[in-house]
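Here is a short set of exercises to work through with the model open in your viewer. Try each task yourself before you read its solution.

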Amino acid sequence: MDRRLTHLPDLPDPRPGREPQVAVIALGSNEGDRGEMLRAAAERLRRLPLVDDLVMSEPIETVALKPDGPDPDAPPYLNAVALMTTRLAPQVLLGMLHAVEEEQGRVRVERWGDRTLDLDLIAYGDVASDVPHLQVPHPRAAERLFVLEPWLSIDPDAVLPGAGRVDELVRRLRDAGER
């Protein structure tokens, strides 16, 4: 019997799952080696199951944001955005984001507190959900230049579902900040 491999016709992807979606993930760190934390997180996200591609923006440094507003006395953040093509369900992806945070030493003590790594699911295709355990698009994304600017740098045509074009959101926030 001839056991040589022969070319097979194009077959459907054998991995089951949904249609690929682009997930927008914000990454932030203000403890430890922030740059290494973001790099390691991006590498870990690339290796998640059912992830076909990941592109990450260059990181930017920003002032820590607390519930009362910017806190210049807190350690500054390094922020980036990643675009991930995945067939993971959004709730499964969110759970995996939390697991990656924990792997990199995140301890949830104080809401909006300092952290080794923060991973937020900003958008997942056109999915909209406002259930407490899965809020997409992220309810405050349209107000955060530290999310919108890095996102825009890797996707100039980006649209935040329910809020509009990211370039317009950035322009409005910058204009409001100049007043």
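**Exercise 1. Find the closest N to O distance in the salt bridge between Glu43 and Arg46, and work out how the two residues are placed in their helix.**

Step 1. The closest N and O atoms of Glu43 and Arg46 are 3.7 Å apart. That satisfies the salt-bridge criterion, a side-chain nitrogen of Lys or Arg within 4 Å of a carboxyl oxygen of Asp or Glu.

Step 2. Both residues belong to helix α1, and because they are 3 residues apart, about one helical turn separates them. Helices here are DSSP runs of H or I with at least four residues, strands are runs of E with at least two, and both are numbered from the N terminus.

Step 3. Now for accessibility: Glu43 is partly exposed at 32%, and Arg46 is partly exposed at 38%. The scale calls a residue buried under 20% relative accessible area, exposed over 50% and partly exposed in between, using a 1.4 Å probe and protein chains only.

Before going on, a word on the ground rules. This is a predicted model, in which local features need pLDDT of at least 70 and side-chain atom pairs count only at pLDDT 80 or more, while totals for chains, interfaces and linings use all residues. Residues are numbered from 1 along each chain as its sequence is written, and side-chain values use heavy atoms, with hydrogens and water left out.

**Exercise 2. Place two further salt bridges, Arg44 with Glu103 and Arg171 with Glu168, in the chain.**

Step 1. Arg44 and Glu103 meet at 2.9 Å, N to O. This pair links distant parts of the chain, with Arg44 in helix α1 and Glu103 in helix α2, 59 residues apart.

Step 2. Arg44 is partly exposed at 24%, and Glu103 is partly exposed at 49%.

Step 3. For Arg171 and Glu168 the N to O distance is 2.8 Å. These two sit 3 residues apart in helix α4 (residues 166–178), so about one helical turn lies between them.

Step 4. Asp157, Arg165 and Asp167 are joined into one network by salt bridges that share partners. A search of the whole structure gives 10 salt bridges.

**Exercise 3. Which residues touch the most other members of the largest nonpolar core, and which elements contribute to it?**

Step 1. A nonpolar core is a set of buried Ala, Val, Leu, Ile, Met, Phe, Trp, Tyr and Cys residues joined through side-chain atoms within 4.5 Å. The largest one has 26 residues, and Leu45, Met84, Leu93, Leu119 and Leu121 touch the most other members.

Step 2. Two or more residues come from each of β1, α1 (34–46), β2, β6 (77–86), α2 (90–103), β7 and β9 (134–136). Helix α1 gives the most, with 5 residues.

Step 3. Look closely at Met84: beyond four places in sequence, its contacts (heavy atoms within 4.5 Å) include Ile25, Leu45, Leu54 and Leu93.

Step 4. There is also a second, separate core of 15 residues, with Leu83, Ala141, Trp151 and Ala158 among them.

**Exercise 4. Is strand β7 enclosed or open, and how does β1 pair with it?**

Step 1. Strand β7 covers residues 118–124; 7 of the 7 are buried, so the strand is largely enclosed by the rest of the structure.

Step 2. Strand β1 (residues 21–29) runs antiparallel to β7, with 6 bridges joining them. Pairing requires at least two DSSP bridges between the strands. One of the bridge partners to check is Asp118 in β7, which matches Gly28.

**Exercise 5. Where does Glu31 sit, and what does it touch?**

Step 1. Glu31 lies in the loop between β1 and α1, and is partly exposed at 32%.

Step 2. Leaving out residues up to four places away in sequence, Glu31 touches Met37, Asp114, Arg115 and Thr116. Asp114 is 83 residues away in sequence, yet the C-alpha to C-alpha distance is 6.7 Å.

Step 3. A polar atom of the Glu31 side chain lies 3.4 Å from the backbone nitrogen of Thr116.

**Exercise 6. What is the mean pLDDT of the chain, and where does pLDDT stay under 50?**

Step 1. pLDDT is the predictor's confidence in each residue, from 0 to 100. The chain mean is 88, and 85% of the residues reach 70 or more.

Step 2. Over residues 1–8 pLDDT stays under 50, and the model has 0 contacts beyond four places in sequence for them.

Technical notes:
Polar contact = N/O pair within 3.5 Å; in protein donor to acceptor, adjacent residues only side chain to side chain.
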